[in-house]
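Student: I have the model open and would like to go through it with you. Can we settle the terms as we go?

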Amino acid sequence: MKIEEKLFGVFNNQDVNAITLTNSQGVSITAIPYGAHIIDWTVPDKNGQFDNIVIGLDNLDDYVNHRPFYGATVGRIAGRIAKGKFTLDGKDYTLPVNTSGNHLHGGPKGLDAVLWNYRTEQTDDRAAIIFSYVDPAGANDFPGTLTVEVAYTLTEDNEWMVSYKATTDEPTLFNPTNHVYFNLHGDLEQTILDHSLFIKADHYIELNENTIPTGQLPTVDGTPFDFRNAAPLAQAIESDHPQTTAVKGLDHPFVLNHDSEGPDAVIFHKENGRRIVMTTDQPSVVVFMHNGPASVEVNGKAVQAYAGLTLETQGFPDAINHDNFGNTVLRPGETFVSTTTYQFELEK
């Protein structure tokens, strides 16, 4: 394993390095401490052509000025909190709203928009970047000082492991994710509509017109949300289902079954042989198809609609406001721990 660092940009008068981990097969991941973003995951195709299969920007300024969430560590809360309001232990809280009157991805200065500390570790079969940050009480109006670590580990088995650990000194909310976008072409001029997707999920979370969960968990049976047998992503935009037409694709949490061994999700491209196999201990994965064009450019070209696909593992979005959505409250004396693994494979 090899670890390299080089200057990527400057934020608040501090140098920001890009840290690259590379294994013996030439597979590498690159991440930056600003927002703990992954900016590159370079892998081969079946012909030996190496490409970056995640959306990453060319410079730090674009991450700071445009905040596209590409590969970002998102928190304290991933997704939306309806109207920015919640009640915890009988106390009402109002968070800043930053999209359609709702709180999104931790607020206007979430964990994706701060500079983390980091260290690296290395053994014979793996290397890791361990990012750490202390989010003070009152940041984005959340209660409690949150101390959080996120480790990105690359293994000789071509796994990218994302591991979280967090504690707090007051009851607070914590439901992080990584907002990575995959494009297995390694070419953003080609969309992900010809990728195939498998998700081990019998239910998805219904959304209202502002993409806030309604509290309903419909079955995927007979809908464009049924990926229990791998299917092309294009089925989500070819359907007239009101949930997919409202967002022009997918922007939905899937309720993972976790009832048997094997992966929770797989995306693959038959032509070039690339596959990402995902396993997680989280109850849901949000699949978003980059349903519109972006205001940023990569390699001098605008990022188009359907340029990438997210697999954002997390607790149910807006869980604090739904009795049937599980727990996203972190309390003093508890340690939040979670791991999601994305493993790169080549189809034979």
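Tutor: Let us begin with surface: accessible areas come from the Shrake-Rupley method with a 1.4 Å probe, and for residues only the protein chains shown count as cover. This is a predicted model, in which local features need pLDDT of at least 70 and side-chain atom pairs count only at pLDDT 80 or more, while totals for chains, interfaces and linings use all residues. Residues are numbered from 1 along each chain as its sequence is written, and side-chain values use heavy atoms, with hydrogens and water left out.

Student: OK, so how much area does the protein chain expose, and what share do carbon and sulfur atoms supply?

Tutor: The exposed area of the protein chain is about 14000 Å², and 44% of it is supplied by carbon and sulfur atoms.

Student: And what share of the residues is buried?

Tutor: Of the 348 residues in the protein chain, 59% are buried, where buried means under 20% relative accessible area, exposed means over 50%, and partly exposed lies in between (1.4 Å probe, protein chains only).

Student: What about overall dimensions, along the principal axes?

Tutor: The C-alpha trace spans about 60 × 50 × 40 Å along those axes. The radius of gyration is 19 Å, which agrees with the value near 20 Å for a compact globule of 348 residues; that radius is taken over C-alpha atoms, and the globule rule is 2.2 Å times the number of residues to the power 0.38.

Student: How many helices and strands are there?

Tutor: The protein chain has three helices and 30 strands, counted as DSSP runs numbered from the N terminus, with helices being H or I of at least four residues and strands being E of at least two.

Student: Of the contacts between residues at least 6 apart in sequence, how many join residues at least 24 apart?

Tutor: That share is 66% in the protein chain, with contact meaning heavy atoms within 4.5 Å.

Student: Let's look at some strands. Which strands does β12 pair with, and in what sense?

Tutor: Strand β12 pairs with β11 (residues 117-122) in the antiparallel sense over six bridges, and 10 bridges join β12 to β13 (residues 146-155), also antiparallel; two strands pair if DSSP finds at least two bridges between them. A hairpin of three residues joins β11 to β12. As for opposite positions, Arg119 faces Ile130 in β12, and Val134 faces Thr147 in β13.

Student: Is β12 mostly covered or uncovered?

Tutor: Strand β12, residues 126-135, is mostly covered, with seven of its 10 residues buried.

Student: And β8, which residues are on its covered face?

Tutor: In β8 (residues 85-88) the covered face holds Phe86 and Leu88, while Lys85 and Thr87 make up the uncovered one. In a regular strand the side chains alternate between the two faces of the sheet. Four bridges join β8 to β9 (residues 91-94) in antiparallel fashion, Lys85 having Thr94 as its bridge partner. The two strands form a hairpin with two residues between them, and Asp89 in the turn has a positive phi of about 50 degrees.

Student: Where else is phi positive in a residue other than glycine?

Tutor: Ser100 and His290 are examples, each with phi near 50 degrees. Ser100, in the loop between β9 and β10 (103-104), counts as exposed because its relative accessibility is 59%. His290 is in the loop between β24 (284-288) and β25 (297-298), and it counts as buried because its value is 5%.

Student: Which residues does the cis peptide bond join?

Tutor: The bond joins Gly75 and Arg76, with omega about 10 degrees, and Arg76 is in the loop between β6 (73-74) and β7 (80-81).

Student: Switching topic, where does Ile205 lie, and is it buried or exposed?

Tutor: Ile205 lies in the loop between β19 (201-204) and β20 (231-232), and it is buried, with a relative accessible area of 0%. Leaving aside neighbours within four places in sequence, Ile205 is in contact with residues including His252, Val255, Phe316 and Phe325. Leu217 is another of those contacts; Ile205 and Leu217 are 12 residues apart in sequence and 4.8 Å apart in space, C-alpha to C-alpha.

Student: Last one: what does Leu104 contact, beyond its neighbours within four places?

Tutor: Leu104, which is in strand β10, is in contact with Gly79, Arg80, Asn98 and Thr99 once those neighbours are left aside. At 11% relative accessibility, Leu104 counts as buried.
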